Amino acid sequence: MKHITLILAAALTLLAACKETNEAPAPQPEVPFIDSVCLYRPGDYGSANWRIPAILCLDDGTLLAVNDKRKYNETDLPEDIDIVCRRSTDLGKTWSEPQTIVSGTGHKQGFGDPALVQCDNGDVLCLFVGGNGLWASTEADPIRSYVCRSTDGGLTWSEPEDLTAQLWGSQSTNTACRSYKASFFGSGNALRLTQGPHKGRIMVAAAMCRKTAQRLDNFVVYSDDNGLTWQVSDKAYTGGDEAKLIQLNDGSVLISVRQSGARGWNLSTDGGQRWGSQSTWPEMTTNACNGDMLRVNDTLILHSLPNSMQRENVSLFSSTDEGRTWHSPVALFEGPSVYSSLTLLPDGTLAAYIEQNPSGACELWFYRFNLAWLRQSI
């Protein structure tokens, strides 16, 4: 907020001076944030903490902001966690009250880490996990993978459908995943392919934990029937973590993988089923953290991550060469900050949903910003 206050104060001073001299004001830089709204603070709605933001603009312009309601503490599963949704139909100026997508009912009976995507048929899917914690998961007492569906733009949601047996363990459709004991989705945005032979395919990156080692590998979970049935790709990244997907102009799929240090990546040319040789982006060396990728137009892709080896300074990294290289990080929040999610609005502005914790516990903030400002900054 201090950025906006300083810019507005300068603009008022300049306008006052121009009135005295009858001169037209000189062009001023775009105001960075058109809107900034805190959707949740610790203690709001009876919850001690809030985490794991996911934001999605639907085809009709409705905004969905979905996240964990960590009722009693800030800890991951197996804690008692709800997943909640707020809607906006005016580009984020005002928001509905929180609606519960799925409610935790106790230890090992909570849910978390939502990922959002809209299908070709207009349905909205929220993919998430629940139950046991990741590292303690076993096939007998697993962390479970779920999907809920909304057919009315996020107003109401179906009961959760358990996908676990399809994804990993002894019944997995991918035999390679039978040697894994756990899986969770990379929260934020999932992906719908918009071109090529697999147009309409729904995809979300999963981080799976081996039975024999406390190490994560990435696979892609995908559906060709608007989320009715699911399959699992070949391994996309060895030694991975939370990951995000984006489709490139040539139809190939890029995966970006959380690591401490240089960010990991890989490429698929067949709709995410098989993957090439994994690599890293040395120019994007950051804290091991979750972020989002967003295609803005044919020439610009954005990636939100902390521009630091600490969890601070969530920034937008830019790529103008289809993700080959990244440059010019622009800070969205210059203090302690963690996960983030991005979406594109129908008026051409962009939105971010960010975990900020200036006082040590996360607040969740919505920002809408102008592409013209971003272009000036990069």
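## Close-up views of the predicted model

**View 1. Surroundings of Arg149 in strand β8.** Leaving aside its neighbours within four places in sequence, Arg149 is in contact with Asp123, Val124 and Leu125, with Thr156, Trp157 and Ser158, and with Asn226, Gly227 and Leu228. As in every view described here, the coordinates are those of a predicted model. Strand β8, in which Arg149 is placed, covers residues 143-150, and Arg149 counts as buried because its relative accessibility is 18%, whereas the cut-off for burial is under 20%. Two backbone oxygens are reached by the side chain of Arg149: that of Asn226 lies 2.9 Å from one of its polar atoms, and that of Gly227 is reached at 3.4 Å.

**View 2. The aromatic pair of Tyr40 and Tyr45.** The structure holds twelve aromatic pairs, and one of them brings together Tyr40 and Tyr45 in an edge-to-face arrangement, with 6.2 Å from centre to centre and 70° between the planes. The two partners can be set side by side in terms of accessibility: Tyr40 is buried, with a relative accessible area of 0%, whereas Tyr45 counts as partly exposed at 37% relative accessibility. Tyr45 is placed in the loop between β1 (33-40) and β2 (49-57), and its phi is near 55°, a positive value in a residue other than glycine. The ring of Tyr40 also has a charged residue over its face, namely Arg86, at 5.6 Å from the ring centre.

**View 3. The aromatic pair of Phe111 and Phe128.** With their ring centres 5.9 Å apart and their planes at 85°, Phe111 and Phe128 make an edge-to-face pair. This pair links distant parts of the chain, since Phe111 belongs to strand β6 (residues 111-118) and Phe128 to strand β7 (residues 124-131), and the two residues are 17 apart. Both Phe111 and Phe128 are buried.

**View 4. Further aromatic groupings, around Trp365 and Tyr339.** One aromatic cluster is formed by Phe33, Trp365 and Tyr367. At Tyr339, the ring has the charged end of Arg51 sitting over it, 4.7 Å from the ring centre.

**View 5. Cysteines outside any disulfide.** A search of the whole structure finds zero disulfides. Cys85, accordingly, is in no disulfide, and the nearest cysteine sulfur, which belongs to Cys126, is 8.1 Å away; Cys85 is also buried, with a relative accessible area of 1%. For Cys209, the closest cysteine sulfur is that of Cys177, and the separation of 13 Å is too far for a bond, because a disulfide needs the two sulfur atoms to be within 2.5 Å. At 0% relative accessibility, Cys209 likewise counts as buried.

**View 6. Val257 in strand β17.** Strand β17 covers residues 253-257 and contains Val257, which counts as buried at 0% relative accessibility. When its neighbours within four places in sequence are left aside, the residues in contact with Val257 are Asn218, Tyr237, Gly240, Asp241, Glu242, Ala243, Arg263 and Gly264. From Val257 to Tyr339 the separation is 82 residues in sequence and 14 Å in space, taken C-alpha to C-alpha.

**View 7. Backbone geometry at Pro78 and Asn313.** Leu77 and Pro78 are joined by a cis peptide bond, for which omega is about 20°, and Pro78 is found in the loop between β3 (63-70) and β4 (81-88). Asn313 has a phi near 55°, which is a positive value in a residue other than glycine. Asn313 lies in strand β22 (residues 312-319) and counts as partly exposed, at 21% relative accessibility.

**View 8. The whole chain, as context for the close-ups, with three helices and 25 strands.** The chain, which contains three helices and 25 strands, has a radius of gyration of 21 Å, close to the 21 Å that the globule rule gives for 378 residues, so it is as compact as a globular protein of that length. Taken along the principal axes, the C-alpha atoms fill a box of roughly 80 × 45 × 40 Å. Of the 378 residues, 57% count as buried, and among contacts between residues at least 6 apart in sequence, 52% join residues at least 24 apart.

Definitions and conventions:
Residues are numbered from 1 along each chain as its sequence is written. Side-chain values use heavy atoms; hydrogens and water are left out. Helices (H or I, at least four residues) and strands (E, at least two) are DSSP runs, numbered from the N terminus. Buried means under 20% relative accessible area, exposed over 50%, partly exposed in between (1.4 Å probe, protein chains only). A polar contact is a pair of N or O atoms within 3.5 Å; within protein, one must be able to donate a hydrogen and the other to accept it, and residues adjacent in sequence count only if both atoms are side-chain atoms. Contact means heavy atoms within 4.5 Å. Rings of Phe, Tyr and Trp (its six-membered ring) pair if their centres lie within 6.5 Å; planes under 30 degrees apart count as stacked, over 60 as edge-to-face and the rest as tilted. A charge sits over a ring if NZ of Lys or CZ of Arg is within 6 Å of the ring centre and within 35 degrees of the ring normal. The radius of gyration is taken over C-alpha atoms; the globule rule is 2.2 Å times the number of residues to the power 0.38.
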